[in-house]
Amino acid sequence: MEVIETGLLATHYTDHQALFFLEEGIFVDAQTASPLLPFGKTVHSLDLVVERAYLYDSTLMLRCQSSLPLDQIVENGFDIHNPKALLTFPDEKIQHLVLRAAQWLAWDEKLQYCSKCGSKVQKGKDLTEKRCNTCNLSFFPKFSPAVMVLIQRDREVLLARSAHFKPGVYSALAGFVDMGETAEEAAHREVKEEVGLEISNLEYFGTQSWPFPDVFMIAFKAKYVRGDINIDVNELEDARWFDVKNLPELPSYASISRRLIESFIAAEME
Ligand SMILES: [Zn+2]
């Protein structure tokens, strides 16, 4: 990834494909819903001011401002979406570009000052490093590791919901990894704390970068061993066993939790 001088965009990059991020979201083509738009044509029709520009793998990633009202944006054939909504876009390459751009832009904007002395940080050796020259400290993008656990008991799974979920949606249990802890230890601890159950046979499923904000999710399947559901009411609103044939509304396909639950359904329906 490299920084592009915004002054060079109009002369050198008009034919490039670009992702346009605004405060309110990301521009998409209203017809195709794709966020990958031709740079020159889009800048012109939306009267955009580009504040910062980066090039990644021949795609421009842009932070910009538009003075146009929403109805005029729609008239010109565009729409503004939440970047999260694009994580279900059919083209996985575009999903990954949006994830990368959203996470990188958020980090670059947030990290302006040294957390030890408060001095303004400077660019480091590459775009994922910033430096405080007073403290001789480097800062890199940070992720918080978290674990997700889908507990199975015969043909049932344990699903739970927090108060901030969409009404009716249940998901697998999840929580952050503590300092000094392994992901496996975190999985056992979170399950014990949140629902009071003991599990075994922890089986790795997959991971996901989730930049809303900076979570790195590690997903597991596990088998129920013993215990009755005893909810931590500070974390959860409800948790229950659901039969594979009678599941509640599940999270969006954008999140790894959906893929985790779908893999259980597929295995049980065989
Ligand atoms: Zn400092």
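Isoleucine 26 stands opposite histidine 81 in β7. On its other pairing, phenylalanine 21 stands opposite isoleucine 26 in β3. Helices and strands here are DSSP runs numbered from the N terminus, with helices (H or I) of at least four residues and strands (E) of at least two. Two strands pair if DSSP finds at least two bridges between them.

The model is predicted: local features need pLDDT of at least 70 and side-chain atom pairs count only at pLDDT 80 or more, while totals for chains, interfaces and linings use all residues. Residues are numbered from 1 along each chain as its sequence is written, and side-chain values use heavy atoms, with hydrogens and water left out.

**Strand β3 and its partners**

Strand β3 covers residues 25–29, and 4 of its 5 residues are buried. Buried means under 20% relative accessible area, exposed means over 50%, and partly exposed lies in between (1.4 Å probe, protein chains only). Strand β2, residues 17–22, runs antiparallel to β3 and is joined to it by 2 bridges. These two strands, β2 and β3, form a hairpin with 2 residues between them. Strand β7, residues 78–81, is also antiparallel to β3, and 4 bridges join the pair. Strands of a sheet pair through backbone hydrogen bonds, either parallel or antiparallel.

**The whole protein**

The protein has 6 helices and 16 strands. Its C-alpha trace spans about 65 × 50 × 30 Å along the principal axes. Of the 270 residues, 44% are buried.

**The zinc site and the sheet β8-β9-β10**

Four cysteines, Cys114, Cys117, Cys132 and Cys135, are the protein donors of the zinc ion, each through its SG atom, at 2.3 to 2.4 Å. Donors are N, O and S atoms within 2.8 Å of the metal (3.2 Å for Na, K and Ca); water is not among the atoms, so sites may look incomplete. The spacing of the donor residues in sequence is C-x2-C-x14-C-x2-C. The arrangement is tetrahedral because the 4 donor atoms subtend angles of 101 to 116 degrees around the zinc ion. Four donors count as tetrahedral if all angles lie between 85 and 135 degrees. Cysteine 132 is buried, at 0% relative accessibility, whereas cysteine 135 is partly exposed, at 23%.

An open sheet of 3 strands has the order β8-β9-β10, with antiparallel pairing. Its edge strands are β8 and β10 (137–139), each pairing on one side only. Strand β9, residues 130–132, is joined to β8 by 2 bridges. Lysine 130 in β9 is the bridge partner of lysine 123.

**Pockets**

A pocket is an open set of points on a 1 Å grid over the protein atoms alone, where a 1.4 Å probe fits, with protein on both sides within 12 Å along at least five of seven lines; lining residues have an atom within 4 Å of a point. Grid points are joined across faces, edges and corners, and a volume is the space filled by probe spheres set on the points.

The largest pocket has a volume of about 1100 Å³. It is lined by 38 residues, and the closest to its centre are Met148, His164, Phe165, Trp210 and Met217. Strand β13 gives the largest share of this lining, 4 residues. The lining divides into 20 nonpolar, 9 polar and 9 charged residues. Ala, Val, Leu, Ile, Met, Phe, Trp, Tyr, Cys and Pro count as nonpolar, Asp, Glu, Lys and Arg as charged, and the others, Gly among them, as polar.

The second largest pocket has a volume of about 390 Å³. Of its 22 lining residues, the closest to the centre are Val3, Tyr54, Asp108, Lys123 and Lys130. Strand β5 gives the most to this lining, with 4 residues. By class, this lining has 8 nonpolar, 4 polar and 10 charged residues.

**Residues in loops and at a helix**

Most residues other than glycine have a negative phi. Two residues with a positive value are set out below.

| Residue | Phi | Loop | Relative accessibility |
|---|---|---|---|
| Aspartate 57 | near 55 degrees | between β5 and β6 (59–66) | 55%, exposed |
| Asparagine 136 | near 60 degrees | between β9 and β10 | 58%, exposed |

Glutamate 75 lies in helix α3, residues 70–75. Its relative accessible area is 66%, so glutamate 75 is exposed. Glutamate 75 and alanine 30 are 45 residues apart in sequence and 9.6 Å apart in space, C-alpha to C-alpha.

Terms used
Tetrahedral: all angles 85-135°; square planar, octahedral: opposite > 155°, others 65-115°.
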